[in-house]
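Here are my notes for your reading of this structure, set out as numbered points. Please keep the sequence and the model open beside them.

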Amino acid sequence: MTRPFAKPAHEVSDKEIAMRIAILTLISISLGIPAAGQEAEVAQNVEKVSETEVTLLAGVDYASGNVNGKGYETVSLTNGIIARSGRLSLAAFVPYVVTTAPEELIVSNGGVLGTPLLSQPSTQSREVTREGIGDLILQGGYSFPIGSFDAFVAGNVKVPTASREKALGTGELDYGVSGQVSRRIGRSVPFASASYTVIGEPEGFNVRNTVAGSVGSHIFLSDTSSVTASYNYEQSATADVEDHQSIGIGLDTSLSTRIRLGLDGHAGLSSDAPDARLGLRVGIGF
């Protein structure tokens with residue numbers, strides 16, 4: 001996943017690295033992705049800073065897989081903005097979704113890129129291609145130390161801006177809370193995260209609230225580049241679809257003092273999880 005702009009290597013401090021990780025975590029949780037770039041949120045005992053940072057984000061994600069034996073492909077183009085002042089972060093993201101999937105599947109916020117696909121039982125299935133604006137994601141987060149550990153908590157809201165008629169969203173409001181703890185050990189930052197989401201019930205579906213979590217480690221290759229490996233679990237919003245499990249790896253690096261590039265990939269471990277998911281992000285910091 002993408003972090004805000006970085007200074008030259010000799011100017012980068014632990015505090016600056018920590019705040020970049022905090023915003024990276026905000027991106028991951030806001031997009032609803034247990035991504036490989038979902039790094040630990042802060043380095044040890046970060047002091048509060050007062051300056052404001054704004055990051056513009058553009059990204060593209062591709063996912064393919066099978067749900068109940070029915071294949072799908074989804075491409076999601078995401079634009080967003082993240083603002084941070086001290087320990088407080090605010091973010092907004094909206095995708096444009098293009099997907100080919102059985103018509104009884106609701107591709108919420110890019111399907112596997114947001115809430116797991118919702119599926120209605122069907123004896124006959126017709127594959128359709130649809131596209132349009134996805135659901136708007138809003139989030140506010142706060143970072144703070146807990147002893148020798150660092151923590152990040154956030155509240156998230158999914159605003160139903162996607163078309164229910166095109167099955168690009170449920171047409172219902174979802175909201176939840178997320179959290180992550182981490183500890184920097186040398187050039188690595190092991191982390192664990194969890195979230196709980198209240199799912200709005202669309203007509204014709206029996207849904208349940210969901211939990212998700214991930215564990216992994218972020219490793220600094222240099223002051224401007226890093227890799228992350230993670231295991232991710234995401235509960236399905238309906239009993240008709242199996243819970244998602246996946247492993248992921250990602251790379252994040254600076255292209256300049258203001259521009260960062262992020263790449264990540266995931267492989268599914270459960271039958272209804274996407275078989276493959278690839279992501280590319282570019283962040284421009286101000």
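How many helices and strands does the chain have?

1. The chain has 1 helix and 15 strands. Please bear in mind throughout that this is a predicted model, and that the values below are computed from it.

2. Of the 286 residues in the chain, 51% are buried, and the accessible surface amounts to about 11,400 Å², with carbon and sulfur atoms accounting for 60% of that area. When contacts between residues at least 6 apart in sequence are considered, 61% of them join residues at least 24 apart.

3. The largest nonpolar core has 10 residues in all, and its members are Val67, Tyr72, Val97, Ala101, Leu105, Val107, Leu117, Ala162, Leu168 and Val241. Apart from this core lies another, of 6 residues, which includes Ile106, Ile199, Phe205 and Val207.

4. For the strands, I would begin with S8 (residues 149-159) and S9 (residues 174-182), which pair in the antiparallel sense over 9 bridges. Strand S9 is also joined to strand S10 (residues 188-198), again in an antiparallel arrangement, through 8 bridges. Serine 182 can be followed across both pairings, since its bridge partners are aspartate 150 on one side and, in S10, phenylalanine 191 on the other.

5. The hairpin of S9 and S10 has 5 residues between the strands, and within this hairpin glycine 186 takes a positive phi near 60°.

6. Phenylalanine 149, which is where the range of S8 begins, has arginine 183 lying over the face of its ring, at 5.6 Å from the ring centre.

7. Which description fits the rings of tyrosine 142 and phenylalanine 144, stacked or edge-to-face? The structure holds 1 aromatic pair, and in the pair formed by tyrosine 142 and phenylalanine 144 the ring centres are 6.2 Å apart and the planes stand at 25°, so the pair is stacked. The reasoning rests on two cut-offs, because rings count as a pair if their centres lie within 6.5 Å, and as stacked if their planes are under 30 degrees apart.

8. Are the two residues of this pair buried or exposed? Neither word applies, because buried requires a relative accessible area under 20% and exposed one over 50%. Tyrosine 142, with a relative accessible area of 36%, is partly exposed, and phenylalanine 144 also counts as partly exposed, at 23% relative accessibility.

Conventions
Residues are numbered from 1 along each chain as its sequence is written. This is a predicted model: local features need pLDDT of at least 70, side-chain atom pairs count only at pLDDT 80 or more; totals for chains, interfaces and linings use all residues. Side-chain values use heavy atoms; hydrogens and water are left out. Rings of Phe, Tyr and Trp (its six-membered ring) pair if their centres lie within 6.5 Å; planes under 30 degrees apart count as stacked, over 60 as edge-to-face and the rest as tilted. Buried means under 20% relative accessible area, exposed over 50%, partly exposed in between (1.4 Å probe, protein chains only). A charge sits over a ring if NZ of Lys or CZ of Arg is within 6 Å of the ring centre and within 35 degrees of the ring normal. Two strands pair if DSSP finds at least two bridges between them. Helices (H or I, at least four residues) and strands (E, at least two) are DSSP runs, numbered from the N terminus. A nonpolar core is a set of buried Ala, Val, Leu, Ile, Met, Phe, Trp, Tyr and Cys residues joined through side-chain atoms within 4.5 Å. Contact means heavy atoms within 4.5 Å. Accessible areas come from the Shrake-Rupley method with a 1.4 Å probe; for residues, only the protein chains shown count as cover.
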